Amino acid sequence: MPGHHRTHSFRAQAYRWTGAVLLACIGLSGCGGLPPNGGRQPSYSLPVGTATPLARAAQSDRPADASPRADSGFGLLASSEAAYGSRAALIEAATRTLDLQYYSIHYDSSTEALLQRLRAAARRGVRIRILIDDFNAAGDNIKVLALDNEPNVQVRMFNPLPGPRRSQFGRIVSSLLDFQRVQQRMHNKLLVADSALAVTGGRNLSNEYFGQGESSNFLDLDVLVAGRIVGPLTQSFDTYWNDKLAYPVRTLLTDAEQKSLDAAAASASPAPSAADDPAARDSAAQPQTPASVPLATPPGAAAIARDIEACRLKLVWAPATLLVDQPSKIGSDDPADPDETAVGGLLALAETARRDLLIVSPYFVPGERMMKTFTGLRQRGVRVRVLTNSLASNDAPLAHVGYARYREALLKLGVELYELQSHGDGDGRVRIIGSTPGSRSSLHSKALVVDDRFAAIGSMNLDLRSKIQNTEVGLVVRSRALSQQLSGHIENAIARSYRVELRNGKLLWHPPASSQGTPHAAPLETEPDAGAGLRLLLRLVGPLAPDELL
């Protein structure tokens, strides 16, 4: 069906999981448990001062005339090249420590190239800690865990699922009696190098997040971070790393799985280091990978590495606040106050808007609390614009159901709604927040701009799953310069999206104008680019799904 493409998002898999769980519940009543979380030693981030090249680059980038409050630096990573290149460059430049925290790390060509850089870093003495949510660590993705065999590397799995990793269904069955905990996930995304520079935002690690997917790619957004705010980011990593739900990977593997990883680790070789081989600097995005993994990484690492070495990051320096959920949000009998979560912090920020609120959320399910916020803003005359996925561009169509429930009410309030096209207009030049021309696109960026004064970027969607179920991390930056940069990227995406209108009680979708100057086409009366079968399925199934699980 048009618009129904395969991706690795939590929701796309969670809905398939839910159906499988229901079927399994009919015939099964037993459940496997998790092993003891033993042999785990606490560890913490390493303060490095100005002793590393990355620390010196971060310190040198701050303007001498910056105000005392402008103590943190930020650079938008809106293109897939910049996002991938920054990660690769930070890994290669690190000399003391690397901390990685991700919801999903898939074993594919772009990830393997990063893993080889991590191996090389470990072998030159860098301490590496990798924390992965356990939801996707099965099948081929288990090969990522082989990094735990490297000296100086520890891998831990957060909120693990019991059962054999060769079969997702087997893990589902083993988790039946603990479904509430299992469907909650650590959604944070963070990489910190030498406690001096960090990357955070919406991207997981896989081809689709770096413009390398064969048929579809996520449009996403990250930010490069320096200065004071890196400290709270590293502290948040430590909190999760030392939490009771963080299991050393070896405690979760069967003997057969461990033997397989031992063999994979023994055959791995490090990528060439740009520091050791000047010729490798200009091909830093093209390390050697195993023949079974075709390399398809975007360029960009070499240029960013040179900028780091020359201390010319050109960041925007401004005050900032970290929004991060506590790991106890998962599996707790005493759930957190929703207003005290990362999403609650975003809503509190949104309520300060005086003129304009601009929102990007791929999964947008407002719920009662958010609708009250939007109502209050509109009553004060604040312009509210929201960019989200169309049904065709949404990688998890059921999530679209939750949004569709509120669509008419939002339009009646005067909220402006825009839905992303699943394809560009085909001229080969259109690029929306890091998209690859000609590929199917699915929005994955999460951002908010208030009055061109505050910019927020993170892992959280404006929906009840992010607010109540998953853990999230994000940054709020008080900066007109950064806010205007972010607004420009969002405005570009809006210009290439459908504008939704409610006319005489009927929804209409206005196509964007062509980049070649063609005027707007006539509005559509059905969900654009989505087949009738998919629309019918959602109408039948949609009413059964609660907002907080979408």
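With the whole protein on display, begin at its surface, where about 21100 Å² is exposed and carbon and sulfur atoms supply 53% of that area. What you are looking at is a predicted model, and its fold comprises 16 helices and 20 strands. Of the 550 residues of the protein, 60% count as buried. Among contacts between residues at least 6 apart in sequence, 80% join residues at least 24 apart, and several of the stops below show such pairings in detail.

**First stop: strands β2 and β3**

Select residues 127-133, which form strand β3, and colour residues 97-102, strand β2, beside them; the two strands run parallel and are joined by 6 bridges. To find your bearings along the pair, pick Gln101, whose bridge partner in β3 is Leu131. Is β3 enclosed or open to the outside? Because 7 of its 7 residues are buried, β3 is largely enclosed by the rest of the structure. In a regular strand the side chains alternate between the two faces of the sheet. Turning β3 around, you will find Arg127, Arg129, Leu131 and Asp133 on one side and Ile128, Ile130 and Ile132 on the other, with both faces covered.

**Second stop: Leu145**

Follow the chain onward from β3 into the loop that leads to β4 (153-158), and select Leu145 there. Although Leu145 belongs to a loop, this residue is buried, with a relative accessible area of 1%. Which residues is Leu145 in contact with, leaving aside its neighbours within four places in sequence? They are Ile132, Val155, Met157, Val249, Leu253 and Leu261, and Ile132 is one you have already met in β3. Leu261 is worth showing together with Leu145, since the two are 116 residues apart in sequence and yet their C-alpha atoms are 7.2 Å apart in space.

**Third stop: Asn207 and the pair β7 and β15**

Move next to the loop between β6 (197-201) and β7, and select Asn207. Asn207 is buried as well, with a relative accessible area of 13%, which is under the 20% cut-off used here. Beyond its neighbours within four places in sequence, Asn207 is in contact with Asp108, Ser109, Ser110, Gln212, Gly213 and Asn217.

From Asn217, extend the selection to residues 216-219, strand β7, and add β15; 4 bridges join these strands, which run parallel. Within this pairing, Phe218 has Ser442 of β15 as its bridge partner. Strand β15 itself covers residues 440-443, with Arg440 and Ser442 pointing one way, Ser441 and Leu443 pointing the other way, and all of them buried.

**Last stop: helix α16**

Finish with residues 532-541, helix α16, and first highlight Leu534, Arg535 and Leu538, which are buried. These residues lie on the same side of α16, because they cover an arc of only 100 degrees around the axis. Show residues 397-413 too, for this helix, α13, is included in what covers the buried residues of α16.

Now rotate to the face turned away from that buried side, where the exposed residues Ala532, Arg539 and Leu540 are carried. Leu540 also takes part, with Leu536, Leu537 and Val541, in a nonpolar surface patch of about 360 Å². Val541 lies in α16 and is partly exposed, with a relative accessible area of 31%.

Definitions and conventions: Residues numbered from 1 in each chain as written. Predicted model: local features only at pLDDT ≥ 70, side-chain atom pairs only at ≥ 80, totals over all residues. Heavy atoms only, no water. Buried < 20%, exposed > 50% of the residue type's maximum accessible area, 1.4 Å probe, protein only. Contact = heavy atoms within 4.5 Å. Pairing = 2+ DSSP bridges. Patch = residues over 30% accessible without salt bridge, like charges linked within 9 Å, V, L, I, M, F, W, Y side chains within 5 Å. Areas by Shrake-Rupley, 256 points an atom, 1.4 Å probe, with all protein chains shown as cover. Salt bridge = Lys/Arg side-chain N within 4 Å of Asp/Glu carboxyl O. Arc of directions from axis to C-beta.
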